[in-house]
Amino acid sequence: MSGADGQDAVVWRNRALTLFDRVAVPVAVCDVYGAVLLANPAMAAECGTSPGRLRGRDVLDLFRPEEATQVDRIAEALRLRHRSRYQVAVRWPGPDGAVRHGELTADPVSDTVDETPALLVMLRVLGDGEPPPPSPAPRATAAEARILALLAGGATTARAARETGLTPDGVTYHLRRLSTRWNAANRTELVARAYALGVLAPGVWPPTPVTPATEMTEDL
């Protein structure tokens, strides 16, 4: 890139960042696993903080999904490089402490179709107070149950990734979401809870998921 082209690129990048900061709609750019890379002041204001303090935070820890299955399906679709627009109903404590609810919209963006996309995330605020109660979340998705069965059998993250067709980061993502959902401190506790909740079949070796249709969602 020539010196003039490089200067032009810097100018346009600075202009884009200025526009990003001035947009009144809460907007953030996240990596494919939901970690905030960049947030505008409007998004930070919804969290009662500054944009810089949001960097590295999980957007779904800031804005809690109403239904866990929505998030799991989006994660699987992104793994398969589907490029649809995804929407998730969320709730969060507003700057004044009152519970707010709204909708996160995530658009995958990248320079090429083969490149792992980033997510352009926009928040639509629908109101204060409690929204209607969500439908009961499943104990585990089919993908999560397969990962748990492999871990229960002694598989490493790398082997679980090979067996399920995920990346190691993808396996870690599913385990992190399960840990949050089940309030589990480590992988040993995750496996123990999987048996206690009936996600893994007792008395079977190698460990095998139990997948009644009413308890687990299908993979995309």
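# Close-up views of the predicted model

**In helix α6, the buried residues are A142, A143, E144, A145, I147, L148, A149, L150 and L151.** That makes nine of the 11 residues in α6 buried, so this helix is mostly covered. Buried here means a relative accessible area under 20%, exposed means over 50%, and partly exposed is anything in between, with a 1.4 Å probe and protein chains only. Helices are DSSP runs of H or I with at least four residues, strands are E runs of at least two, and both are numbered from the N terminus. Just past the end of α6, G154 takes a positive phi of about 95 degrees. This is a predicted model, in which local features need pLDDT of at least 70 and side-chain atom pairs count only at pLDDT 80 or more, while totals for chains, interfaces and linings use all residues. Residues are numbered from 1 along each chain as its sequence is written, and side-chain values use heavy atoms, with hydrogens and water left out.

**Zooming out, the protein chain carries nine helices and six strands.** Of its 220 residues, 39% count as buried. Contact means heavy atoms within 4.5 Å; among contacts with a separation of 6 or more, 52% join residues 24 or more positions apart. The chain exposes about 12000 Å², and carbon and sulfur atoms supply 55% of that. Those areas come from the Shrake-Rupley method with a 1.4 Å probe, and for residues only the protein chains shown count as cover.

**The largest nonpolar core is a set of 21 residues, and L148, V171, W182, L190 and V199 have the most contacts inside it.** Such a core joins buried Ala, Val, Leu, Ile, Met, Phe, Trp, Tyr and Cys residues through side-chain atoms within 4.5 Å. Helices α6 (142-152), α7 (157-164), α8 and α9 (187-196) each give two or more residues to this core. The biggest share, six residues, is from α6. A second, separate core has 20 residues, including L54, L119, V121 and Y173.

**W182 sits in a crowd of partners: R139, A140, L148, L190, R193, A194, L197 and V199.** That list leaves aside neighbours of W182 within four places in sequence. W182 itself belongs to α8, where it is buried.

**Helix α8 runs from residue 168 to 182.** The expected span of a helix is 1.5 Å times one less than its number of residues. For the 15 residues of α8 that comes to 21 Å, and its end C-alpha atoms are indeed 21 Å apart, so the two agree. The buried residues in α8 are G170, V171, Y173, H174, L175, R177, L178, S179 and W182.

**N183 lies in the loop between α8 and α9.** It has a phi near 55 degrees, a positive value in a residue other than glycine. N183 counts as exposed because its relative accessible area is 62%.

**F63 and W92 make an edge-to-face aromatic pair.** By the rule used here, there is one aromatic pair. Rings of Phe, Tyr and Trp (its six-membered ring) pair if their centres lie within 6.5 Å; planes under 30 degrees apart are stacked, over 60 edge-to-face, and the rest tilted. For F63 and W92, the centres are 5.2 Å apart and the planes meet at 75 degrees. F63 is in the loop between α4 (59-62) and β3 (64-65), while W92 is in strand β4 (residues 86-93), so the pair ties together parts that are 29 residues apart in sequence. F63 is buried at 0% relative accessible area, and W92 is buried at 2%.

**T105 is a residue of strand β5 (residues 99-109).** With 11% relative accessibility, T105 counts as buried. Leaving out residues up to four places away in sequence, T105 touches R85, Y86, Q87, L120, V121 and M122. T105 and R124 are 19 residues apart in sequence, with their C-alpha atoms 7.9 Å apart.

**D128 belongs to strand β6 (residues 118-128).** Not counting residues up to four places away in sequence, D128 touches V99, R100 and H101. From D128 to G102 the C-alpha distance is 8.9 Å, across 26 residues of sequence.

**The W205 to P206 peptide bond is cis.** Its omega is near 0 degrees, and P206 is found in the segment after α9.

**Cysteines C30 and C47 get a view too.** C30 is buried at 1% relative accessibility, whereas C47 is partly exposed at 25%. The structure holds zero disulfides, a disulfide being a pair of cysteine sulfur atoms within 2.5 Å.
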